[in-house]
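A learner and a teacher sit down with a model and read it feature by feature.

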Amino acid sequence: MSMIGNLLRVTKAELEEYLNDSSMLEDKLYGENEEPDYLNPDDIDKAWDGILFLLTGDGISEINHPLTKVLFSGQLIDENQDLGYGPAHYLTPEQVVDLNKQIAEITVDDLKLKFDPEKMTELGIYPEIWTEGDDAFDYLADNFLVVQKMYAEAANNGEGMITYLN
């Protein structure tokens, strides 16, 4: 099974609804009554742990770095809800603005300097494709640009962010 990282932009009102009743989030994501024009979450495929490594120098195991919050805030919608691989994390609109300022300044060249296939393999950074070199880096860079875009759009629209693995 693959662990896919997902980011979902939400209004402040939607976030409050999900915090009050987490089943509404699960219904929105997996329910049969989805509206055809529903904007599905953007996924970053299996790149989430590699992106965390490029941002923090470590993977999901290091939760103390401030940029870990980009994908795993530690603020849970419902700690008992499993959306595939655990509960969803969330950020308020204000927190999104703050993190967006931090990641908006990061360039692909900045990330390239932190790409260390040997260390990533040693640490078991998921999905463990790092021996593929430039192709593996390009995969991470492309997905990081998705994260940047999602955060920029959410910050510009005053939205919060929900992230989860499925």
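The dialogue below goes from the whole chain to a single residue.

Q: What kind of model is this, and how many helices and strands are there in the protein?
A: The model is predicted. The protein has 7 helices and 4 strands.

Q: In what order do the elements run from the N terminus on?
A: The order is β-α-α-β-α-β-α-α-α-α-β.

Q: How does the radius of gyration of the protein relate to that of a compact globule?
A: The general idea is to set the value against the one expected for the chain length. A compact globule of 166 residues would have a radius of gyration near 15 Å, and the protein has 16 Å, so the two agree. Along the principal axes, the C-alpha atoms fill a box of roughly 45 × 35 × 30 Å.

Q: Which share of the contacts joins residues 24 or more positions apart?
A: Among contacts with a separation of 6 or more, that share is 75%.

Q: How much of the protein is buried, and how much area is exposed?
A: Buried residues are 43% of the 166. The exposed area is about 8700 Å², with 46% of it from carbon and sulfur atoms.

Q: Where are the mean positions of the positive and negative charges?
A: The protein has 10 positive and 35 negative charges, and their mean positions lie 6 Å apart.

Q: Is Tyr-164 buried or exposed?
A: A residue under 20% relative accessible area counts as buried. Tyr-164 is at 4%, so Tyr-164 is buried.

Q: Where does Tyr-164 lie, and which residues does Tyr-164 touch?
A: Tyr-164 belongs to strand S4, residues 160–165. Leaving out residues up to four places away in sequence, Tyr-164 touches several residues, among them Ile-4, Leu-29, Pro-41 and Leu-83.

Definitions and conventions
Residues are numbered from 1 along each chain as its sequence is written. This is a predicted model: local features need pLDDT of at least 70, side-chain atom pairs count only at pLDDT 80 or more; totals for chains, interfaces and linings use all residues. Side-chain values use heavy atoms; hydrogens and water are left out. Helices (H or I, at least four residues) and strands (E, at least two) are DSSP runs, numbered from the N terminus. Buried means under 20% relative accessible area, exposed over 50%, partly exposed in between (1.4 Å probe, protein chains only). Contact means heavy atoms within 4.5 Å. The radius of gyration is taken over C-alpha atoms; the globule rule is 2.2 Å times the number of residues to the power 0.38. Accessible areas come from the Shrake-Rupley method with a 1.4 Å probe; for residues, only the protein chains shown count as cover. Lys and Arg count as positive and Asp and Glu as negative; His and the chain ends are not counted. The place of a charge is taken as NZ of Lys, CZ of Arg, CG of Asp or CD of Glu.
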